[in-house]
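Follow the model from its metal site outward, through the helix that carries part of that site, to the nonpolar cores and the charged pairs. Keep the structure open while reading.

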Amino acid sequence: MPLLRIYEAPDPMLRQISTPVEAIDDELRVLIADMFETMYDAPGIGLAAVQVGVPRRLLVMDLQEPSDPDDEDSPPIRQPRVFINPVIESHSDSEVPYTEGCLSVPDQYAEVMRPDHIRATWMDEHGKRHDQELDGLLAICLQHEMDHLEGVLFIDHLSKLKRDMVLKKLAKARRERGAIAF
Ligand code: NI
């Protein structure tokens, strides 16, 4: 299975509004498998289809939390999750800060405020419908990934000043990467 190209900001692909997945077929299953491989390789904990150039309402996620909560370096628990046509049905009024990053904004991190508790519905890769209350990192990550479906990046939650700073750093890092390739 091939690794997929991850689009990076400010590529206009990332601004596309994703359209609903119509059918869970072999083509979609191949895409899901390739997205997981790409996400684990990156490495990251979540990836939206639009980030690999497919603007459909599909996300993959695996928080890969350490098996020993007291030891960051213990082997991660693999728990792959697929979200097809996810919807946030409701969310808490209370928000929590979390330092987010994004595979489409490589090596840049910033604190974003989001509701800490959500109720979401989605379909998994077997066509099974889920309706669940989520909190913690899972809730944060799902909201981040669902932003991608609307063409929104985590840096859009920052002030214009901070966002411009991140984009400048990103462009600089990209130039330096290019310089090494020469
Ligand atoms: Ni992201």
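Buried here means under 20% relative accessible area, exposed means over 50%, and partly exposed lies in between. By that cut-off cysteine 141, with a relative accessible area of 5%, is buried. The coordinates are those of a predicted model, and every value below is computed from it.

Start at the nickel ion. Its protein donors are Cys102 through SG, His144 through NE2 and His148 through NE2, at 2.1 to 2.3 Å from the ion. Along the sequence these donor residues follow the spacing C-x41-H-x3-H. The two histidines share an element: histidine 144 and histidine 148 are both in helix α2, residues 136-149, and their separation of four residues is about one turn of the helix. The donor residues can also be placed by accessibility. Cysteine 102 is buried at a relative accessible area of 10%, histidine 144 is buried at 7%, and histidine 148 is buried at 1%.

Why does cysteine 141 not bond to the sulfur of cysteine 102? The closest cysteine sulfur to that of cysteine 141 is indeed the one in cysteine 102, but the distance is 9.9 Å, too far for a bond. A disulfide would need the two sulfur atoms within 2.5 Å. The structure as a whole holds zero disulfides.

Helix α2 also contains glutamate 145. This glutamate is buried yet has no salt bridge, and the nearest side chain of opposite charge, arginine 114, is 8.4 Å away. Leaving out residues up to four places away in sequence, glutamate 145 touches Gly46, Leu47, Ala48, Gln51, Leu59 and Met61.

One of those contacts, Leu59, leads into the largest nonpolar core. That core has 30 residues, and Leu59, Val105, Leu134, Leu142, Phe154 and Ile155 touch the most other members. At least two residues of this core come from each of β2 (58-61), β5 (105-115), β6 (117-123), α2 and α3 (160-181). Helix α2 gives the largest share, six residues. Within this part of the model, valine 105 is in contact with Ala9, Phe154, Ile155, Val166 and Leu170, its neighbours within four places in sequence set aside. There is also a second, separate core of 16 residues, which includes Val21, Met35, Val52 and Val82.

Turn now to the charged pairs. Across the whole structure there are 11 salt bridges. In one of them glutamate 8 meets arginine 174, with an N to O distance of 3.4 Å. This pair links distant parts of the chain, since glutamate 8 belongs to the segment before α1 (26-41) and arginine 174 to helix α3, 166 residues apart. Both partners are partly exposed, glutamate 8 at a relative accessible area of 23% and arginine 174 at 31%.

Glutamate 8 has a further salt bridge, to arginine 177, whose closest N and O atoms are 3.3 Å apart. Because arginine 177 lies in helix α3 and glutamate 8 in the segment before α1, the pair ties together parts 169 residues apart in sequence. Arginine 177 is partly exposed at 44% relative accessibility.

Arginine 114, met above beside glutamate 145 as its nearest opposite charge, forms a salt bridge with glutamate 100, the closest N and O atoms being 2.7 Å apart. Here arginine 114 is in strand β5 and glutamate 100 in strand β4 (residues 95-102), 14 residues apart. Arginine 114 and glutamate 100 are both buried. Elsewhere, salt bridges with shared partners join Glu8, Arg174 and Arg177 into one network.

Note on methods. Residues numbered from 1 in each chain as written. Predicted model: local features only at pLDDT ≥ 70, side-chain atom pairs only at ≥ 80, totals over all residues. Heavy atoms only, no water. Donors = N, O, S within 2.8 Å, 3.2 Å for Na, K, Ca; no water. Buried < 20%, exposed > 50% of the residue type's maximum accessible area, 1.4 Å probe, protein only. Lys, Arg positive; Asp, Glu negative; His and termini not counted. Salt bridge = Lys/Arg side-chain N within 4 Å of Asp/Glu carboxyl O. Contact = heavy atoms within 4.5 Å. Core = buried A, V, L, I, M, F, W, Y, C linked by side-chain atoms within 4.5 Å.
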